[in-house]
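These exercises are meant for someone meeting this structure for the first time. Please work through each task with the sequence and the 3D view side by side before reading its solution.

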Amino acid sequence: NSPGAFVPNIQRFVTGVESAAKRLAVIAVEDADPRPHGEALERLLAAALLAQRSGSLGSRWFPCRSVVREWLELALRLFDSTSVLKYQGKPLKDRNRRWNSEDA
């Protein structure tokens, strides 16, 4: 049961729980279509934040079996996804404009 690792780039200790939750959220955005999984992704990122901040409260938070099961089920749904987000890099000057549904 590893407590985590120090990540030099961000000069911070990161637990496995935080790392796994964030990685699954990144996979959802980069390799699948996250839109049908919005609430599950919100819970996932909230759990990552809880894992990150709980250490400063004196004890590390660890998800219960039902939460881990939800993450695994989300991973399988993302794996089965047949669509991805359309991403187009925009010049830096255009990044502040409002996005609409046609951009997704």
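A crossing of two helices is called left-handed if the near helix is turned anticlockwise from the far one by less than a right angle, and right-handed if it is turned clockwise. With that term in hand, note also that the model used here is a predicted one.

**Exercise 1. Describe the overall make-up of the protein chain, from its elements to its surface.**

Solution. Begin with the elements: the protein chain contains 3 helices and 2 strands, and reading along the sequence gives the pattern β-β-α-α-α. Next consider burial, where the cut-off is under 20% relative accessible area; buried residues form 22% of the 104 residues in the protein chain. Then turn to the surface, where the protein chain exposes about 8000 Å², with carbon and sulfur atoms supplying 55% of this area. Finally, among contacts with a separation of 6 or more, 57% join residues that are 24 or more positions apart.

**Exercise 2. Work out how helix α1 is placed against α2, and say which residues meet there.**

Solution. Two packed helices are described by the angle between their axes and the distance between the axes. For helix α1 (residues 16–31) and α2, the angle is about 150 degrees and the axes are 8 Å apart. Because angles over 145 degrees count as roughly antiparallel, α1 is roughly antiparallel to α2. The crossing of these two helices is left-handed. On the α1 side the contact involves Val17, Glu18, Ala21, Lys22, Leu24, Ala25 and Ala28, which meet Leu41, Leu44, Leu45, Ala48, Ala51 and Gln52 in α2. Sorted by class, the residues of this contact are 10 nonpolar, 1 polar and 2 charged.

**Exercise 3. Determine how α1 and α3 are oriented, and find the classes of the residues in their contact.**

Solution. The angle between α1 and α3 is about 25 degrees, and their axes lie 10 Å apart. Since angles under 35 degrees count as roughly parallel, α1 and α3 are roughly parallel to each other. Here too the crossing is to be named, and α1 passes α3 in a left-handed one. The contact is formed by Val17, Ala21, Leu24 and Ala28 of α1 together with Trp71, Leu74, Ala75 and Leu78 of α3. By class, this contact of α1 with α3 has 8 nonpolar, no polar and no charged residues.

**Exercise 4. Repeat the analysis for helix α2 and helix α3.**

Solution. Helix α2 (residues 38–54) packs with helix α3 (residues 65–79) at an angle of about 130 degrees, and the axes are 11 Å apart. That angle makes α2 oblique to α3. The crossing in which α2 passes α3 is left-handed. Its contact residues are Ala40, Leu41, Arg43, Leu44 and Ala47 of α2, and Glu70, Trp71, Leu74 and Arg77 of α3. Divided by class, the contact of α2 with α3 comprises 6 nonpolar, no polar and 3 charged residues.

**Exercise 5. Trace the surroundings of Trp71, Val17 and Ala21, and decide for each whether the residue is buried or exposed.**

Solution. Start with Trp71, which lies in helix α3 and counts as buried because its relative accessibility is 13%. Not counting residues up to four places away in sequence, Trp71 touches Val17, Ala21, Leu24, Leu44, Ala47 and Pro63. Trp71 and Ala20 are 51 residues apart in sequence, while their C-alpha atoms are 9.5 Å apart in space.

Continue with Val17, a residue of helix α1 that counts as buried at 10% relative accessibility. Beyond the residues up to four places away in sequence, Val17 touches Ala51, Trp61, Phe62, Pro63 and Trp71.

End with Ala21, also placed in helix α1, whose relative accessibility of 0% makes it buried. Leaving aside neighbours within four places in sequence, Ala21 is in contact with Leu44, Ala48 and Trp71. The C-alpha atoms of Ala21 and Ala48 are 5.5 Å apart, although 27 residues separate the two in sequence.

**Exercise 6. Locate Gln11 and examine its phi.**

Solution. Gln11 is found in the loop between β1 (5–7) and β2 (12–14). Most residues other than glycine have a negative phi. Gln11, although not a glycine, has a positive phi of about 55 degrees. As for accessibility, Gln11 counts as exposed because its value is 59%.

Key: Residues numbered from 1 in each chain as written. Predicted model: local features only at pLDDT ≥ 70, side-chain atom pairs only at ≥ 80, totals over all residues. Heavy atoms only, no water. Axes fitted to C-alpha atoms, helices over the stretch in contact; angles between N-to-C directions. Helix = DSSP H or I, 4+ residues; strand = E, 2+ residues; numbered from the N terminus. Parallel < 35°, antiparallel > 145°, perpendicular 65-115°, else oblique. Contact = heavy atoms within 4.5 Å. Nonpolar A, V, L, I, M, F, W, Y, C, P; charged D, E, K, R; others polar. Buried < 20%, exposed > 50% of the residue type's maximum accessible area, 1.4 Å probe, protein only. Areas by Shrake-Rupley, 256 points an atom, 1.4 Å probe, with all protein chains shown as cover.
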